[in-house]
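Here's a quick briefing for anyone meeting this structure for the first time. Have a look at the chains, then read on for the salt bridges and the place where the chains meet.

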Amino acid sequence: MTTSNGLVATARTTELTRSVAAHGIPGALTTWPEQPLDDASWRRLMSSVCGQRLSGLLVEALGSGSLPATQQQLDEASEVHFERVCGVLQLESEALLVLDALSAAGVEAKVLKGSATAHLDYPDPAQRLFADVDLLVRAGDIDEAVKVLTGLGQRRHSVQPRAGFDRRFGKGATFTAPTGHEFDLHRTFVMGPYGLRLRLDDLWEQPAHFTLAGRQVGALDIECRFLHSCYHAALGDRPPRLVPQRDIAQILLSDRLDLRRVDRLMRSWQAEPVVARAVTVTWESLRISDITALSTWAKRYVPRPRAEKDLAVYIDDDGSSYAAKSVAALAALPGARQRAAFLFALALPRRGFGTTSGKDRWRRALQAAAHRAPWTDVSR
Amino acid sequence: MAAMTEPSPRWERSPYVLWRRSGRRIVLKLPDRDELVILDRSGVELWDELTGPVTVLQVAEVLGVRFGVDPELVAADIVPVLADLEARDLVHRWPA
């Protein structure tokens, strides 16, 4: 049973964690204690900050004096950040190995989030930590990319239900490297309707790179990086994690975005509800007082009923399931042939597909999809 | 006749290094090696000055002014550090 003191303590920890996430954002209303935290409060903050991967911003807040701390607390935060940084360098090393192998196989790849955002959008990449590697490849290359990662000894978490599913419908594939690190291969940003509506060619339209160990490594251009952060914040974990929210604020407030291009892409992908939710959540959560054209638009935006339903499959407790996303994905697919292929893959996955839990998810997805009429166009 | 000054080699960070700053330390790693190298204190100060080809004397003069120490003493301290970093392929030496 959580006591009222416990609730107050949790609320205080949440507030402090958000202040850490917002540290350094001009116009963010951060609140800090006047004295170093007591041991119990410090433990809670460290646990929360580590869970959110914000130790880079924590050491910045401590170093600037914003968050008062004892020497022991300073040392502990410093040590935690140091360990995370060591992990990040290991990840970047592995990423380069994978990128070299993909390149040798003729597969072009872009780094999503993580290393790319750290180097391109933060003044010090040590502020932006990450625990896995996300790589985007073209739909036509994904089967080859899967072979490359498998050839490197990486273990795919669940195979595609039928040949061609990754290339046509899937978000991508998740792997675990022999080192235990996770690699996410992406065809698109997310599974479900918003992933399918994304025009994948737009992600490859403008070249962008960052330098990693002397090499030019592909990344999304800044507008696509911003939009990807929106997808990540709005459609990812529940509740939305603070790192993608910080990414949104970091990029949007840097005045480097071509907002007309953001607008064009957003509308083309039917992603207005995603961006509106992401920016609104970010501005509220990080308590950013600066008003921008996009934050004003986001606050006023009202999604249409269809869009609300699509958002619900990602964010609602009772609607956010693999089955719900699959049903919504069906409606997002253009044409009867695509929908038939999608349903066929669900109905008759190949032998050896997935784990027991994976098969159960697909069975539920198929049952849910079978309850709606898949052959009629759904108005949006 | 004035004695000719011997030209000095110039030093800079290897572009092939992955690195991050963490508090008062800097962590370095080459992608194809498992080793992590940690710099602290004067090592960090030295790394920060190696953004472009510089001589030992140039670095020593900057750090000498910053810390109020005779540049010759500073130079004597940083030469072995540079040698160690070079042996680990973390810095590049341009011949004199």
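Two residues are in contact here when heavy atoms of theirs lie within 4.5 Å. With that in mind, B:Glu86 touches B:Trp11, B:Val91 and B:Arg93, leaving aside residues up to four places away in sequence. Keep in mind that this is a predicted model. Searching the whole structure, over all chains, turns up 28 salt bridges, and a handful of them get a closer look below.

**Around B:Glu86**

- You'll find B:Glu86 in helix H3 of chain B.
- B:Glu86 counts as partly exposed because its relative accessibility is 26%, and the partly exposed range runs between 20% and 50%.
- One of its contacts, B:Trp11, is 75 residues away along the chain, yet the C-alpha atoms of B:Glu86 and B:Trp11 are separated by 9.3 Å.

**Where chain B meets chain A**

- A common way to give the size of an interface is the accessible area lost when the parts come together.
- For chain B and chain A, the buried area is about 1,500 Å², and carbon and sulfur atoms give 62% of that.
- On the chain B side, B:Leu18, B:Arg20 and B:Arg25 lose the most area to chain A, together making up 44% of what that side buries.
- The contact draws on 17 residues from chain B and 22 residues from chain A.
- Between these two chains there are seven residue pairs in polar contact, counting pairs with both residues at pLDDT 80 or more.
- E2, E3 and E4 of chain B each supply at least two residues of the side that touches chain A.
- Which of the strands gives the most to that side? That's E2(B), with five residues.
- Sorted by type, the chain B side has 11 nonpolar residues, one polar and five charged.

**Salt bridges between the chains**

- Side chains of opposite charge can pair when their charged atoms come close.
- How many salt bridges are there between chain B and chain A? The count is two.
- A:Glu79 and B:Arg25 meet through their side chains in a salt bridge, at 3.0 Å from N to O.
- That pair crosses from helix H4 (residues 71-104) of chain A, home of A:Glu79, to strand E3 (residues 25-29) of chain B, where B:Arg25 sits.
- A:Glu79 is partly exposed, at 33% relative accessibility, whereas B:Arg25 is buried, with a relative accessible area of 18%.
- B:Arg25 counts as buried because its 18% falls under the 20% cut-off.
- A:Glu92 and B:Arg20 form a salt bridge too, with their closest N and O atoms 2.8 Å apart.
- Here the crossing goes from A:Glu92 in helix H4 of chain A to B:Arg20 in strand E2 (residues 18-22) of chain B.
- Are A:Glu92 and B:Arg20 buried or exposed? A:Glu92 is buried, and so is B:Arg20.

**Salt bridges inside a chain**

- Within chain B, B:Arg33 pairs with B:Asp89 in a salt bridge whose closest N and O atoms are 2.3 Å apart.
- B:Arg33 lies in the loop between E3 and strand E4 (36-40), and B:Asp89 in the loop between helix H3 (71-87) and strand E5 (91-94), so the pair ties together parts of chain B that are 56 residues apart in sequence.
- B:Arg33 is partly exposed, with a relative accessible area of 32%, and B:Asp89 is partly exposed as well, at 38% relative accessibility.
- Over in chain A, a network of salt bridges links A:Glu205, A:Asp221, A:Glu223, A:Arg261 and A:Arg264.

Technical notes. Residues are numbered from 1 along each chain as its sequence is written. Chains are lettered from A and ligands numbered from 1 in the order in which they are written. This is a predicted model: local features need pLDDT of at least 70, side-chain atom pairs count only at pLDDT 80 or more; totals for chains, interfaces and linings use all residues. Side-chain values use heavy atoms; hydrogens and water are left out. A salt bridge is a side-chain nitrogen of Lys or Arg within 4 Å of a carboxyl oxygen of Asp or Glu. Helices (H or I, at least four residues) and strands (E, at least two) are DSSP runs, numbered from the N terminus. Buried means under 20% relative accessible area, exposed over 50%, partly exposed in between (1.4 Å probe, protein chains only). Buried area is the accessible area (1.4 Å probe) that two parts lose on being put together, summed over both. A polar contact is a pair of N or O atoms within 3.5 Å; within protein, one must be able to donate a hydrogen and the other to accept it, and residues adjacent in sequence count only if both atoms are side-chain atoms. Ala, Val, Leu, Ile, Met, Phe, Trp, Tyr, Cys and Pro count as nonpolar, Asp, Glu, Lys and Arg as charged, and the others, Gly among them, as polar.
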